[in-house]
2 protein chains.
Amino acid sequence: MAQTDTVTRILDTAEVLFAERGFAETSLRTITSKARVNLAAVNYHFGSKKALIQAVFSRYLDPFTVRFHHALDELEAQHAGGVIPLEELLETMARTVLEVPAEKHSLKVFMKLLGLAYSQAQGHLRRYIQEEYGSVFTRFTDLVRRATPELPDAERFWRLHFVLGTVIFTLSGLDALRDIAEKDYHEHVSVRDLIRRLRPVVVAAMNAPLPPPPAVQPAKAS
Amino acid sequence: MAQTDTVTRILDTAEVLFAERGFAETSLRTITSKARVNLAAVNYHFGSKKALIQAVFSRYLDPFTVRFHHALDELEAQHAGGVIPLEELLETMARTVLEVPAEKHSLKVFMKLLGLAYSQAQGHLRRYIQEEYGSVFTRFTDLVRRATPELPDAERFWRLHFVLGTVIFTLSGLDALRDIAEKDYHEHVSVRDLIRRLRPVVVAAMNAPLPPPPAVQPAKAS
DNA sequence: TTCCGCTGGAAACGCCTGTTTTAAACATTA
DNA sequence: TAATGTTTAAAACAGGCGTTTCCAGCGGAA
């Protein structure tokens with residue numbers, strides 16, 4: 001199975017380098033030389049650099065969506081017809097995110113890639129992820145809506161993205177933060193430790209009191 | 001003042017392009033042609049592309065630190081000797097962030113640049129910002145520590161970065177999120193509107209209950 | 001064996017990058 | 001006026017980039 005080996009070695013090497021330096025800053029030559037495969041192998045197996053980037057994401061996101069759908073199926077079966085508490089939904093998502101990379105790959109790399117997907121320009125990536133994996137996110141937000149009926153739709157939308165920002169930002173910038181934290185507090189921080197700290201913060205953020213209505217409305221009748 | 005004009009035009013053009021595409025994806029030729037300036041002018045005035053990137057940040061961060069120090073001076077004078085409430089500290093920071101770009105530049109660009117500073121590799125940038133502007137952040141965190149004495153040091157450290165992640169992530173990815181929000185909820189969202197929504201969430205996150213201690217401790221006596 | 005499709009290695013293709021160098025014009029200051 | 005610091009123009013530099021091409025080797029099928 002030398003053919004599969006080359007593809008795997010490219011993907012393994014690429015995901016690490018992408019996570020460390022970003023997409024534009026990682027050349028195909030760096031990837032292929034570090035993976036000890038020929039330069040042309042990337043274009044041969046994947047077609048282009050863009051396609052390689054998408055393949056790196058697929059290898060994480062495909063098993064993630066499968067598992068997440070299954071986990072949500074189970075959760076809905078347990079609470080047959082009723083609403084699923086918000087904390088169970090968040091818990092399930094966190095558990096699934098942790099499970100997937102634990103098998104073969106690094107959770108740190110996975111989170112860094114997610115962070116890059118948001119921040120790097122790479123319009124094609126955002127489009128690809130949205131089209132390919134948008135449905136599972138929609139299903140999740142629908143369940144969250146039923147769990148938090150008191151929240152206005154717009155408010156819930158923004159708060160979900162607030163906590164998404166917290167998680168991705170923290171876990172993708174973990175290395176730099178960990179260096180500071182260990183220097184100042186002499187305390188080693190694992191990813192699971194961080195998730196333990198994140199949980200109450202995320203729950204509190206979702207359950208925060210509603211903001212006051214906008215101060216002044218310029219339009220309409222005086 | 002043709003000399004100043006060239007420098008300003010380069011900075012004005014560069015910051016917009018950097019914010020839109022990132023650093024590596026923006027070439028000097030793109031900047032200079034869009035700014036209608038000679039290609040050599042960048043290396044003449046700034047020395048290198050790295051130095052140009054740092055200059056773009058300095059133009060925002062220098063006035064920010066000055067204003068923020070002043071604002072903290074006033075705050076400390078008001079609460080002479082006593083502790084400043086957490087919400088006033090956060091409020092002051094938010095107000096200062098809003099004030100600075102409001103003068104000449106775009107708040108959106110400023111936040112996008114901050115997001116890039118975190119996510120893009122550019123090791124030199126993170127080092128530059130930390131060395132140049134680390135002290136004002138240290139002063140702020142010291143005040144936060146006095147305002148939240150019940151929080152363990154490590155917990156406060158992480159929570160500050162959690163909310164930092166929320167704010168930077170949200171405001172730097174604002175365009176993409178706004179598109180989705182307007183399509184789904186037919187509601188225009190301004191930056192100030194977003195900050196109104198962020199306030200209660202951030203406060204609730206900082207005041208969240210402490211996480212349970214780690215499940216299993218391997219070391220020490222049984 | 002002969003053929004074929006898949007994989008690999010090495011080199012080259014244009015193209016774009018940041019930077020430097022030349023030159024000549026312009027403005028400002030002394 | 002002379003000198004100095006800016007700006008423009010045009011060109012070239014060396015190097016890296018993604019991509020393509022060509023050819024040698026390979027395994028299994030006819």
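Visitor: How many residues does the contact take from chain A and from chain B?

Guide: The contact takes 49 residues from chain A and 49 residues from chain B, where contact means heavy atoms within 4.5 Å. This is a predicted model, in which local features need pLDDT of at least 70 and side-chain atom pairs count only at pLDDT 80 or more, while totals for chains, interfaces and linings use all residues. Residues are numbered from 1 along each chain as its sequence is written, chains are lettered from A and ligands numbered from 1 in the order in which they are written, and side-chain values use heavy atoms, with hydrogens and water left out.

Visitor: What makes up the area buried between chain A and chain B?

Guide: Buried area is the accessible area (1.4 Å probe) that two parts lose on being put together, summed over both; between chain A and chain B this is about 4,100 Å², with 74% coming from carbon and sulfur atoms. On the side of chain A, the residues that lose the most area to chain B are A:Trp158, A:Phe162 and A:Phe169, which together give 19% of what that side buries.

Visitor: Why is the pair of B:Glu155 and A:Arg197 called a salt bridge?

Guide: The term requires a side-chain nitrogen of Lys or Arg within 4 Å of a carboxyl oxygen of Asp or Glu. The closest N and O atoms of B:Glu155 and A:Arg197 are 2.6 Å apart, and the pair therefore meets the rule. The count between chain A and chain B is two salt bridges, and the interface also holds seven residue pairs in polar contact, that is, N or O atoms within 3.5 Å, where within protein one must be able to donate a hydrogen and the other to accept it, and residues adjacent in sequence count only if both atoms are side-chain atoms.

Visitor: Which helix gives the most to the side of chain A that touches chain B?

Guide: Helices and strands are DSSP runs, numbered from the N terminus (helices H or I, at least four residues; strands E, at least two), and H8(A) gives the most to that side, with 14 residues. By class, the side of chain A that touches chain B has 30 nonpolar, seven polar and twelve charged residues, where Ala, Val, Leu, Ile, Met, Phe, Trp, Tyr, Cys and Pro count as nonpolar, Asp, Glu, Lys and Arg as charged, and the others, Gly among them, as polar.

Visitor: What turn and what shift lay chain A on chain B?

Guide: A turn of 180° with a shift of 0.1 Å along the axis lays chain A on chain B with an RMSD of 0.1 Å, superposed by least squares on the C-alpha atoms of residues with pLDDT of at least 70 in both. That is the relation of a two-fold axis. Moreover, 100% of the interface residues of chain A are also interface residues in chain B, so the copies meet through the same surface.

Visitor: What makes a residue count as near DNA strand C, and how many residues surround this strand?

Guide: One of its heavy atoms must lie within 4 Å of the strand; 17 residues surround DNA strand C, the closest being A:Thr6, A:Tyr44, B:Leu28, B:Arg29 and B:Lys49. Of the atoms of DNA strand C within 4 Å of the protein, sugar and phosphate account for 53%. A polar side-chain atom of A:Tyr44 lies 2.9 Å from a phosphate oxygen of the strand, and a backbone N or O atom of B:Leu28 is likewise 2.9 Å from a phosphate oxygen.
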